[in-house]
Amino acid sequence: MKSDGIADDSAVLQQAINTVQEKTNQGILFIPTGRYRLTKTIYIWPGIRLIGFGKTRPAFVLAANTPGFQQGPAYMVFFAGARPHANDPPPDANPGTFYSAISNIDFEIQSGNPGAVGIRAHYAQHCFLAHMDFHIGSGLAGIHDGGNVAQDVHFYGGQYGIWTRKPSPGWQFTLIDATFEDQREAAIREHEAGLTLIRPQFKNVPTAISIDPQYSEELWIKDGRMENVSGPAVIISNENNPRTEINMENVTCRRVPTFATYRESGKSISGPAETYSVQTFSHGLQYQDIGSEPAIRDIYETTIFKRAPKSRNV
């Protein structure tokens with residue numbers, strides 16, 4: 001591979017992945033420092049992990065105006081559920097797709113690729129993405145249909161940072177130490193993803209999390225930070241469904257005038273000041289006491305700050 005960001009490395013990279021699968025069926029492909037230009041989708045077969053190494057983190061690059069990436073979602077990397085025979089298309093990852101992963105490799109989508117997505121990762125347990133920056137620019141998203149866990153991942157630009165739905169096993173999608181900045185529509189667009197976010201940060205976005213219309217969600221956020229969120233930070237759908245459970249603890253907000261809105265009723269929950277902390281936000285079916293009738297209620301407890309606490313570096 002040339003790894004200079006100019007020559008097309010797609011075929012050599014795919015052949016390296018294929019060789020691992022052919023020799024051992026599963027294993028690790030180490031990617032050294034460099035910029036690897038992709039011109040077509042790279043398929044990762046089950047049980048194979050790509051891990052970057054070197055003085056600087058390697059990057060997969062989609063050059064400006066790459067054919068095939070104008071309509072989306074069009075993927076730079078696609079986690080497959082099996083290696084197909086002959087000319088059959090690779091099947092999507094599924095509840096039986098284990099141990100696949102990418103770690104320590106960045107993604108860069110250059111201009112003129114509005115349908116481009118960094119990764120499709122609709123896999124199951126023991127799979128992960130870790131230690132990655134997604135420079136999405138005018139592209140569509142960094143991750144589409146994620147699953148299991150992603151840690152130390154950072155999203156810059158794009159229509160969305162993450163656009164996802166129910167993971168293939170129906171379990172939660174956990175994000176740890178993820179940051180989002182400058183998305184055009186929402187940092188995360190999702191439904192039924194069972195999102196669990198630990199220490200997320202959202203900055204300069206119209207919306208942090210948008211739940212698709214008519215879908216319930218079980219969302220939990222712990223120790224988050226939101227800054228310069230111009231629209232509602234969280235858009236909640238299917239608000240009267242008992243399967244809708246939205247819970248947050250310790251979310252620091254600065255210039256977040258509307259913390260949450262509900263699609264059906266149009267009700268909004270406003271921030272009490274320019275800088276505040278949401279100690280507890282809960283929307284869903286709740287019991288006031290043992291033996292009492294359950295009812296869908298909101299709990300919204302905040303503390304006002306004169307200045308925002310220092311941001312924790314992720």
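Among contacts between residues at least 6 apart in sequence, what percentage join residues at least 24 apart in the protein chain? The share is 62%. Please keep in mind throughout the tour that this is a predicted model.

**The whole chain**

Begin with the protein chain in a cartoon representation. One helix and 27 strands are to be found there. The radius of gyration is 20 Å, close to the 20 Å given by the globule rule for 314 residues, so the chain is as compact as a globular protein of that length. If the view is aligned with the principal axes, the C-alpha trace spans about 60 × 40 × 35 Å.

Next, display the surface. The accessible surface of the protein chain amounts to about 13,700 Å², and carbon and sulfur atoms account for 49% of this area. Of the 314 residues in the protein chain, 49% are buried. Colouring by charge then brings out 28 positive and 31 negative side chains. The centres of these two sets are 6 Å apart.

**Strand β26 and its partners**

Select residues 275-286, which form strand β26. This strand is mostly covered, with nine of its twelve residues buried.

Add residues 245-254, which constitute strand β23. Strands β23 and β26 pair in the antiparallel sense, and eight bridges link them. For a specific point along this pairing, label Ile246, which stands opposite His283 in β26.

Now add residues 295-304, strand β27. Here too the strands run antiparallel, and ten bridges join β26 to β27. Label Ser277 together with its bridge partner in β27, Thr303. While side chains are displayed, one general point may be useful: in a regular strand they alternate between the two faces of the sheet.

**Thr164 in strand β14**

Move to residues 160-164, strand β14, and centre the view on Thr164, which lies in this strand. Is Thr164 buried or exposed? Thr164 has a relative accessible area of 1%; buried means under 20%, so Thr164 counts as buried.

Which residues does Thr164 touch, leaving aside those up to four places away in sequence? Show Asp145, Gly146, Phe173, Arg189, Glu190, His191 and Ala193 around Thr164 to see these contacts.

As a last step, select Ala141, which is 23 residues from Thr164 along the chain. A distance drawn between the C-alpha atoms of Thr164 and Ala141 should read 9.9 Å.

Methods
Residues are numbered from 1 along each chain as its sequence is written. This is a predicted model: local features need pLDDT of at least 70, side-chain atom pairs count only at pLDDT 80 or more; totals for chains, interfaces and linings use all residues. Side-chain values use heavy atoms; hydrogens and water are left out. Helices (H or I, at least four residues) and strands (E, at least two) are DSSP runs, numbered from the N terminus. The radius of gyration is taken over C-alpha atoms; the globule rule is 2.2 Å times the number of residues to the power 0.38. Buried means under 20% relative accessible area, exposed over 50%, partly exposed in between (1.4 Å probe, protein chains only). Contact means heavy atoms within 4.5 Å. Accessible areas come from the Shrake-Rupley method with a 1.4 Å probe; for residues, only the protein chains shown count as cover. Lys and Arg count as positive and Asp and Glu as negative; His and the chain ends are not counted. The place of a charge is taken as NZ of Lys, CZ of Arg, CG of Asp or CD of Glu. Two strands pair if DSSP finds at least two bridges between them.
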